[in-house]
Amino acid sequence: MVPARMLELLEQGGRSVNPSRNEHTIAVSCEVSGRGYWSGKEVRVIVHPAALGTGVRLIRSDLPAIPVCEALVSRRYDASLRTNLANGEAKFQMVEHLMAALYALEIDNCICEIDAEELPSLDGSSFEFVEQLGSAGLIVQAAPRKQLVIRDRYRIGTMDGWVEAVPSHAGESYFEYQLSFDDQTPIAPQAFGVELSPDRFIREVASARTFVTKAQADQIRESGLASHVTNQDLLVIGPDGPVDNKYRFRNECARHKTLDLIGDLSLAGVDLIGRFTSFRGGHNLNGQMASQLAELAAQEEHDTQSAFLKQRKAA
């Protein structure tokens, strides 16, 4: 099921994927606010337009020095069940839902002003970020967006869980998640894949929510964390399905894992042209793949510059 507001955004005129494009920023600032899952603190995120080449930068507006952290995998650090970034005092938790929305909507340059460490959980999806960013409009900027075209096969992980990147069939950017749990769980094996474009992300991915089993939720609450989070704030899945809630999609869990994969790999800092599949992976494996992709992009840029300088010298 696609929420009504998303259908309105689609009807306003969507964009299909453009494998070769210029950089973009938003036309006007927009705002999202809510509470963090883990901290329970109220937090406001204001996304501002930014100049060409800025990238995505997160700033802590609640701290005296207003420190800045680039949204790049080099700033990532490991954490359970979420993706965090840090640059000195500029620390941010659970950035993946915002990053997925920015990447999928092709918003390359922006300043994200955030007044707490943990981003708002909202309904556990990227829906509200997409809603506000989509309403802010898009400005095309005067430089091409950097790309990484996958030309070989890369895999990180083990037979029990891995993330893989392989060349595209026809210049597409494709993301897929294959979900399967070992233990006795009410979540059935499922999969989802999408050839990414802003329209498809809005329609098929953005509203897929964070999920936990009822046993996991009970354990988290007993530990004193997320005590404010209700069964309507995310999917809590019991033996008979969602508790006090209902699925938006039959395979909503796999769709949300795909959302996380998109957000985590976006930290490579370039448009990714290829096919990216995760089998039972999580944020840690996603982060390792994002690091490898960033290294490949840096090497490709270095090789291109070296070839250009060699040509100039020969001329």
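## The largest pocket

The largest pocket is lined by 38 residues; Leu81, Phe211, Val212, Gln216 and Lys257 are the ones nearest its centre. Its volume is about 900 Å³. The model is predicted, and every value here is computed from it.

Six elements each give at least two residues to the lining of this pocket: H2, strand E14 (173-179), strand E16 (211-213), helix H5 (214-222), H6 and H7. H5 gives the most, with 5 residues. By class, the lining has 19 nonpolar, 13 polar and 6 charged residues.

## The second largest pocket

The second largest pocket holds about 660 Å³ of space. Its lining counts 32 residues, and Arg145, Lys146, Ala268, Gly269 and Val270 lie nearest the centre. Strand E4 (56-60), H2 and H7 are the elements that give two or more residues to this lining. H7 gives the most, with 7 residues.

Which classes make up this lining? It divides into 12 nonpolar, 9 polar and 11 charged residues.

## Enclosed cavities

Rolling a probe the size of a water molecule over the atoms shows where empty space is left. Across the whole structure, the search finds 2 cavities of 30 Å³ or more. The second largest cavity has a volume of about 40 Å³.

Which residues line the second largest cavity? They are Tyr177, Lys257, Asp260, Leu261, Ser278, Gly281, Gly282, His283 and Asn286. Helix H6 (252-265) and helix H7 (283-314) each supply at least two of them. H6 gives the most, with 3 residues. The classes are 2 nonpolar, 5 polar and 2 charged. Lys257 belongs to this lining, and Lys257 is also among the residues nearest the centre of the largest pocket.

## The chain as a whole

The chain has 7 helices and 19 strands. The radius of gyration is 19 Å, which agrees with the value near 20 Å for a compact globule of 315 residues. Along its principal axes, the C-alpha trace spans about 70 × 45 × 40 Å.

Buried residues make up 50% of the 315 residues. The exposed area is about 14500 Å², and carbon and sulfur atoms supply 50% of that area. Among contacts with a separation of 6 or more, 73% join residues 24 or more positions apart.

## Two residues with positive phi

Most residues other than glycine have a negative phi. Glu106 is not a glycine, yet its phi is positive, about 60°. Glu106 sits in the loop between helix H2 (96-104) and strand E9 (110-114). Is Glu106 buried or exposed? Glu106 counts as buried because its relative accessibility is 7%, under the 20% cut-off.

Arg280 is another residue other than glycine with a positive phi, near 60°. Arg280 lies in the loop between strand E19 (271-279) and H7. Its relative accessible area is 23%, so Arg280 is partly exposed.

## Pro242 in strand E18

Where is Pro242 placed? Pro242 is in strand E18 (residues 241-242). At 18% relative accessibility, Pro242 counts as buried.

Neighbours within four places in sequence aside, Pro242 is in contact with Leu235, Val236, Ile237 and Tyr247. Thr213 is 29 residues away along the chain, and the C-alpha atoms of Pro242 and Thr213 are separated by 8.8 Å.

Definitions and conventions. Residues numbered from 1 in each chain as written. Predicted model: local features only at pLDDT ≥ 70, side-chain atom pairs only at ≥ 80, totals over all residues. Heavy atoms only, no water. 1 Å grid on protein atoms, 1.4 Å probe; cavity = no way out; pocket = protein on both sides within 12 Å on 5 of 7 lines; lining within 4 Å. Points joined across faces, edges and corners; volume = space filled by probe spheres on them. Helix = DSSP H or I, 4+ residues; strand = E, 2+ residues; numbered from the N terminus. Nonpolar A, V, L, I, M, F, W, Y, C, P; charged D, E, K, R; others polar. Rg over C-alpha atoms; globule rule 2.2 N^0.38 Å. Buried < 20%, exposed > 50% of the residue type's maximum accessible area, 1.4 Å probe, protein only. Contact = heavy atoms within 4.5 Å. Areas by Shrake-Rupley, 256 points an atom, 1.4 Å probe, with all protein chains shown as cover.
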